[in-house]
Amino acid sequence: MRQSQLFTKTRREAPKDEVSKNAQLLIRAGYINKEMAGVYDFLPLGLRTLEKIIGIIREEMNKIGGQEILLSTLQDSKPWEASGRWSDENVDVWFKTELKSGGQLGLAPTHEEPLTNLMRDHISSYRDLPCYAYQFQTKFRNELRSKSGIMRSREFIMKDLYSFSKSEEEFREFYEAAAEAYLKVFARVGLGEVTYRTFASGGSFSKFSDEFQTVSDAGEDVIYVHEHRRLAVNKEVYKDDVLADLGMQKSDLKEMKAIEVGNIFPLGTRFSDVLGLTYKDENGEQKPVIMGSYGIGPGRLMGTIVETLADDKGIVWPEEVAPFRVHVVEINNKNDDVRKEAQELYNELSQAGVEVLWDDRDARAGEKFADSDLMGIPLRVVVSEKTLAAGKFECVERATGKTQQLSTSELVHHVTHV
RNA sequence: CGGGGCGUCGUAUAUCGGUAGUACGCUUGCUUUGGGAGCAAGAUGGCCCAGUUCGAUUCUGGGCGCCCCGACCA
């Protein structure tokens, strides 16, 4: 698309009320808008990136048998009362409201209860299992203190998957498949090198769970990394007996700050028991369904990518999550030849299926380059009097600064065959 | 929830108990065109409510909002 049509503008300075790198850069580059504390809007560039991240997660969830659904945000209190999670003493992040006709409602902070409840209508036999359902859905959590930009907000999109299995073995098999899928997601969004499957507490659900932690100074968690095994242990379970169980020595572990980008939990029969989700096995015996839950916050993941990969000039997107693949930057567009050449290049790339942002604004080179660096599109292609004279475009990789002179056909080949 | 800080054009900042300035952005014109240009002319601001005062953006109280540290984080 033409950058002159993009309604967002870049800013030279970050708003003073944002301290976190992710929010500062995403706001400056026009990806997000802050609505209020802990509540952010996604603007055209930000939505494109968010959708890319969601697309990657969706592909990986589908590969392991996930079926996509969309549950409601508004929640009836009953299933939550059954699980004991309606009361504010047990769950302190509820946003609650009421119907005009009377009766309390809640804005869902998670979806174990409604989905377990719903599954009672669909699961009754061993033939109905296993079953895996997931969604990308907006959660509301009334955090006492939201912080760190889009990393911990009060309204956010979460991918939550729930597994329903016949037995502990069947559950474990899927649990491991989900863990593998998670690692693929983090690798695809460019965080593979710095993200570790991390042994952690299970909170109120179970004894243990697995987190996926991305090493970053902006992180809220402290983990102990076993680099050789590509595993880590959360500080909350960093104890002698746990380490012995995992076969780890303290001397092999390195303490690091990290961002929790995903978390998977064995739920056992915690919810199926209280909500009565059972099935009949081959012998006609009634048994509770074994469950698990699996979460990733695409917005938090987006923030983590910015925190982890940005440099002093701005955002650096990995190809799979960038809002556009190529940033065509024309310089001195009062020159008709430059304008024409840029238009032709834009058409060629677009026809080849390449997503292009074309900076067709009447602005000077310095401003355009600075904006381009800030926005972080992977490949910048400069069109100017210089490149016209040379007969080739100047192509600069955002991440590395590597520069190549390419003709139109070489460029099309370069971005469509990598 | 405990503690600390802050609220001035769109953004970032300065000043002051006596008509609020600068930079960037914006509007108009001319020049300029490979790393956030120059000249000229313009528009735009004191979070809200009270109190003190001849006079409050400034002082006091309350409200609302925002940030940071801690606690919490299914």
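In this predicted model, RNA strand B is surrounded by 45 residues, of which D17, V93, G203, A365 and G366 lie closest. Two elements each give two or more residues to the surface near RNA strand B, namely α10 (365-375) and α11 (385-390). Helix α10 supplies the largest share of that surface, with 8 residues. As for chemical character, the residues of the surface near the RNA divide into 19 charged, 16 nonpolar and 10 polar.

The helix that leads this list also takes part in a sheet-and-helix arrangement, so to follow α10 further it helps to turn to the sheet. Helix α10 lies across β17, β18 and β19, and runs at about 170° to β17. Helix α9 (residues 336-351) lies across β17 (326-330), β18, β19 and β20, and its direction is likewise at about 170° to β17.

The sheet itself is open and built from 5 strands, in the order β18-β17-β19-β20-β21, with mixed pairing. Its edges are β18 (356-359) and β21 (403-406), each of which pairs on one side only. From one strand to the next, the twist averages 25°. Strands of a sheet pair through backbone hydrogen bonds, in either a parallel or an antiparallel manner. The neighbours β19 (residues 379-383) and β20 (residues 393-397) offer a handy example of the antiparallel case, being joined by 4 bridges. Within this pair of strands, V382 has E394 of β20 as its bridge partner.

A further packing arrangement involves two helices elsewhere in the chain numbering. Two packed helices are described by the angle between their axes and by the distance between those axes. For helix α2 (residues 44-63) and helix α5 (residues 168-188), the axes come within 9 Å and cross at roughly 155°. With angles over 145 degrees counted as roughly antiparallel, α2 and α5 are therefore roughly antiparallel to each other. The crossing in which α2 passes α5 is right-handed. On the α2 side the contact is made by I56, I57, E60, M61 and K63, while α5 brings A181, K184, V185 and R188. The residues of this contact divide into 5 nonpolar and 4 charged, with no polar ones.

Note on methods. Residues are numbered from 1 along each chain as its sequence is written. Chains are lettered from A and ligands numbered from 1 in the order in which they are written. This is a predicted model: local features need pLDDT of at least 70, side-chain atom pairs count only at pLDDT 80 or more; totals for chains, interfaces and linings use all residues. Axes are lines fitted to C-alpha atoms, for helices over the stretch in contact, and angles run from 0 to 180 degrees between N-to-C directions. Angles under 35 degrees count as roughly parallel, over 145 as roughly antiparallel, 65 to 115 as roughly perpendicular and the rest as oblique. A crossing is left-handed if the near helix is turned anticlockwise from the far one by less than a right angle, and right-handed if clockwise. Two residues are in contact if their C-beta atoms, placed from the backbone, lie within 7 Å. Ala, Val, Leu, Ile, Met, Phe, Trp, Tyr, Cys and Pro count as nonpolar, Asp, Glu, Lys and Arg as charged, and the others, Gly among them, as polar. A residue is near a molecule or strand if its C-beta atom, placed from the backbone, lies within 6 Å of it. Two strands pair if DSSP finds at least two bridges between them.
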